[in-house]
Amino acid sequence: MDREPYSAKLGGPTGIYPYTVKVERYLEDLREYFHDRKLVEYMLSRGENPLIYVVYEISRESEGEFNVGCTIIYPGKVGDEYYFTKGHFHLKEPTSEVYIGISGEGVILMQDRSGNVAAEEIKPGTIVYIPPGLAHRSINTGKTDLVFLAIYPSDAGHDYETIRRSGFAKLVVERNGKPTIIDNPNYRG
Ligand code: S6P
Ligand code: ZN
């Protein structure tokens, strides 16, 4: 119920407990997102449909409240591209968000509507502030689960469509064994 205080626990297999909403994203949910779409279709045709990430969230609905969510991105790559979240703008433009790294290592890309991208590390103990108006995507560049908390206004809403169509202007790929940020040749901003 909204406007009721609660406390929850950090840790365990779901990152936070209890939670009210669970979202799972498999490769087939991200088929339009990875840059090597041919490889994605080939994997899916062979019945390979790995779970890429899960979000456990304590969701509220009213203005003035916060949602608290824990995202777990599994380690892995499609070709040279590390597993990532879809990424989104908030529907309600003037809303910001805070990420807190819990475990693993990764990167968050933040992109404005002109395609300018900022990148920050997500590691245990890092706090990343996402100001209003920036789309955000997280990428697991490590060999273990990337786990982080997200805290954001409950009425922010999610615009996935813009990023689904345009992509991010940058990709995070493995080059010479290391995570590297490169330009996305297929960016349609
Ligand atoms: C919500 C916040 C996160 C993401 C989660 C999954 O505003 O940014 O909880 O929802 O990391 O990413 P996505 O792009 O699939 O929602
Ligand atoms: Zn968000």
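This briefing covers the metal site, sheets, pocket, cavities and backbone details of the structure above. The model is predicted. A zinc ion (ligand 2) sits in an octahedral site. One open sheet has six strands, and another open sheet has three. The largest pocket has a volume of about 360 Å³.

**Zinc site**

- His-88, His-90, Glu-97 and His-136 coordinate the zinc ion (ligand 2), at 2.1 to 2.3 Å.
- The histidines each bind through NE2, and Glu-97 binds through OE.
- The site has six donor atoms, with angles of 72 to 178 degrees among them.
- Opposite donors must be over 155 degrees apart, and all others between 65 and 115, for six donors to count as octahedral. The site of the zinc ion (ligand 2) is octahedral.
- Along the sequence, the donor residues follow the spacing H-x1-H-x6-E-x38-H.
- His-90 belongs to strand S8 (residues 89-90) and His-136 to strand S13 (residues 135-140), so this pair ties together parts that are 46 residues apart in sequence.
- His-90 and His-136 are both buried.

**Six-stranded sheet**

- The strand order is S3-S4-S5-S14-S9-S12. The sheet is open and its pairing is antiparallel.
- S3 and strand S12 (127-130) stand at the edges. Each has a single partner strand, so one side of each is left without a neighbour in the sheet.
- From one strand to the next, the twist averages 20 degrees.
- Five bridges link S9 and S14, which pair in the antiparallel sense.
- Tyr-99 has Ala-150 in S14 as its bridge partner.

**Three-stranded sheet**

- This open sheet runs in the order S11-S10-S13, again with antiparallel pairing.
- Strand S11 (117-122) and S13 are the edge strands. Each has a single partner strand, so one side of each lacks a neighbour in the sheet.
- Neighbouring strands are turned by 20 degrees against each other on average, direction ignored.
- Strand S10 (residues 106-111) runs antiparallel to S13, and six bridges join the two.
- Gln-111 has Ala-135 in S13 as its bridge partner.
- S13 also carries the zinc ligand His-136.

**Hairpin S16-S17**

- Strand S16 (residues 170-175) and strand S17 (residues 178-183) are antiparallel and share six bridges.
- Lys-170 stands opposite Asp-183 in S17.
- The two strands form a hairpin with two residues between them.
- Asn-176 lies in the turn and has a positive phi of about 50 degrees. Asn-176 is a residue other than glycine.
- Asn-176 counts as exposed, because its relative accessibility is 83% and the cut-off for exposed is over 50%.

**Largest pocket**

- The largest pocket is lined by 21 residues. The closest to its centre are Val-55, Thr-71, His-88, His-158 and Tyr-160.
- His-88 is also one of the zinc ligands.
- Six strands each supply at least two residues of the lining. They are strand S3 (21-26), strand S4 (51-58), strand S5 (66-73), strand S9 (97-103), S13 and strand S14 (146-153).
- Of these, S3, S4, S5, S14 and S9 belong to the six-stranded sheet, whereas S13 belongs to the three-stranded sheet.

**Cavities**

- Two cavities of 30 Å³ or more are found in the whole structure.
- The largest cavity has a volume of about 40 Å³.
- Its lining consists of Phe-89, His-90, Glu-93, Thr-95, Arg-113, Pro-131, Gly-133 and Leu-134.
- His-90 thus appears in the lining of the largest cavity and among the zinc ligands.

**Loop details**

- The peptide bond between Tyr-17 and Pro-18 is cis, with omega of about 0 degrees.
- Pro-18 lies in the loop between strand S2 (16-17) and S3.
- Glu-65 is in the loop between S4 and S5.
- Glu-65 counts as buried, because its relative accessibility is 13% and the cut-off for buried is under 20%.
- Glu-65 and Ser-154 are 89 residues apart along the chain. Their C-alpha atoms are separated by 5.5 Å.

Conventions: Residues are numbered from 1 along each chain as its sequence is written. Chains are lettered from A and ligands numbered from 1 in the order in which they are written. This is a predicted model: local features need pLDDT of at least 70, side-chain atom pairs count only at pLDDT 80 or more; totals for chains, interfaces and linings use all residues. Side-chain values use heavy atoms; hydrogens and water are left out. Donors are N, O and S atoms within 2.8 Å of the metal (3.2 Å for Na, K and Ca); water is not among the atoms, so sites may look incomplete. Four donors count as tetrahedral if all angles lie between 85 and 135 degrees; four count as square planar and six as octahedral if opposite donors are over 155 degrees apart and all others between 65 and 115; anything else is irregular. Helices (H or I, at least four residues) and strands (E, at least two) are DSSP runs, numbered from the N terminus. Buried means under 20% relative accessible area, exposed over 50%, partly exposed in between (1.4 Å probe, protein chains only). Two strands pair if DSSP finds at least two bridges between them. Axes are lines fitted to C-alpha atoms, for helices over the stretch in contact, and angles run from 0 to 180 degrees between N-to-C directions. On a 1 Å grid over the protein atoms alone, a cavity is a set of points where a 1.4 Å probe fits but cannot get out, and a pocket is an open set with protein on both sides within 12 Å along at least five of seven lines; lining residues have an atom within 4 Å of a point. Grid points are joined across faces, edges and corners, and a volume is the space filled by probe spheres set on the points.
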